[in-house]
Every structure is written in structure tokens, then in C-alpha cells.
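Student: Before we discuss this protein, could you put its sequence and structure in front of us?

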Amino acid sequence: MKSKILEFKTIGDERGCLIALELGHNVPFDVKRVYYIFNTKKGVRRGFHAHKNLKQLAICTRGSCKFLIDDGTSQQTFNLTTPNHGLYIEGLVWREMFDFSDDCVLMVLADAHYDEKDYIRNYQEFSNLVKERK
Ligand code: T46
């Protein structure tokens, strides 16, 4: 399983906290796109897809949510609860996001522009591609 939590240094003083994300330092790819998900409705599950080729870093800058990562063989759930943790996701993995807190702001950095052709939104298709790539 290549997905993992990266921990960022929090710079804090009496005024509050600051975290810096820097390419080549604590972000392991060149960022081409940033998007964020917020105002997520209660009980909603998002994702339900894999990417053919995409590296991403997902950070709950506020609130919390969970990520289910499935590589076709095993599944792992990551709990994002703090802005100094980022979930690094790469490779052919199915993802689902759930248990969003009301205040959740999920920011995602990606190494490519948005391209619907990179998405696999059918689990069987994903599963077949995993077997092909082995
Ligand atoms: C992912 C998880 C973590 C765009 O127009 N541009 C964008 O950059 C993105 C990400 C989405 N969109 C459009 C495509 C859909 O019409 O926004 C709509 C919602 O996208 P989607 O249903 O794919 O959103 P999620 O939350 O299921 O998945 C998103 C990312 O799409 C995906 O890459 O890994 O967050």
C-alpha cells in the first residue's frame, strides 16, 4: 500500500499556527492543481473511483473526514483529523471519503490538471485493471 500519512511541521507562537507546504520539501510532486471540498452534507460518501495516473495529497485544513483506500487486494481507512497531516495517494487505488464533520474543509493538491479520462468510476473496471497491471 503506497498511500500514507505525511506529517507537516506546525510553526506556532502566541498568535496561532502556520504550516508551509513546499514542493520538493514536504510535497512529493509538482503541484498542477488544488481543489477543496466543503459544505459536505451529513452522511454523504464521495469518491467511488480510482485514477489511472495521479498523485494527490489530501489535507483536512479544518474539521475531519475519513478515506477508504483500496488497492484491489487490501483496504485501509485513514482518519484525517488535523491540518498537520496529509494523506499521500498514488497508484491505482479506489478511494471513498466519508464521515465528514460539518466544518470539514478537505484540500487536495494534485500533480495534474483535471481530466475526466483519468477516472475509473466502475469498481469492476478498476479491479480488472489492477489484475492487468500485475
Ligand atoms: C479525488 C477525490 C479525493 C472539476 O471540474 N475539477 C476538479 O478538479 C475536480 C476534482 C472535480 N471537478 C468536477 C467533476 C465533477 O463534476 O467536480 C465535480 C465533482 O467531482 P467528483 O464527483 O469527482 O468529486 P469527488 O469528491 O467524488 O472526488 C474528488 C476528486 O474528483 C478525485 O480526484 O481523488 O476528490
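Tutor: The questions that follow concern the nonpolar cores and one sheet of this model, which is predicted.

Student: Which strand supplies the largest share of the largest nonpolar core?

Tutor: The largest nonpolar core has 16 residues, and F67, L87 and L106 are those with the most contacts inside it. Strands that each supply at least two residues of this core include β6 (56-62), β8 (75-80) and β11 (105-110). The largest share, 3 residues, comes from β7.

Student: Which residues does F67 touch, leaving aside those up to four places away in sequence?

Tutor: F67 is among the residues with the most contacts inside the largest core. With residues up to four places away in sequence not counted, F67 touches A58, Q76, T77, F78, L80, L87, I89, E96, M97, F98 and L106.

Student: How many residues does the other core have?

Tutor: Another core lies apart from the largest one, and V27, F29, I59 and L109 are among its members. This other core has 9 residues.

Student: Which strands stand at the edges of the open sheet?

Tutor: The open sheet is formed by 5 strands in the order β1-β9-β6-β11-β4, with antiparallel pairing, and its neighbouring strands are turned by 25° against each other on average, direction ignored. Two of the strands each have a single partner strand, so one side of each is left without a neighbour in the sheet. The strands at the edges are β1 (4-7) and β4 (33-37).

Student: What is the bridge partner of K4 in β9?

Tutor: β1 and β9 pair in the antiparallel sense over 4 bridges. In β9, the residue that partners K4 in a bridge is Y88.

Terms used:
Residues are numbered from 1 along each chain as its sequence is written. This is a predicted model: local features need pLDDT of at least 70, side-chain atom pairs count only at pLDDT 80 or more; totals for chains, interfaces and linings use all residues. Side-chain values use heavy atoms; hydrogens and water are left out. A nonpolar core is a set of buried Ala, Val, Leu, Ile, Met, Phe, Trp, Tyr and Cys residues joined through side-chain atoms within 4.5 Å. Buried means under 20% relative accessible area, exposed over 50%, partly exposed in between (1.4 Å probe, protein chains only). Contact means heavy atoms within 4.5 Å. Two strands pair if DSSP finds at least two bridges between them. Axes are lines fitted to C-alpha atoms, for helices over the stretch in contact, and angles run from 0 to 180 degrees between N-to-C directions.
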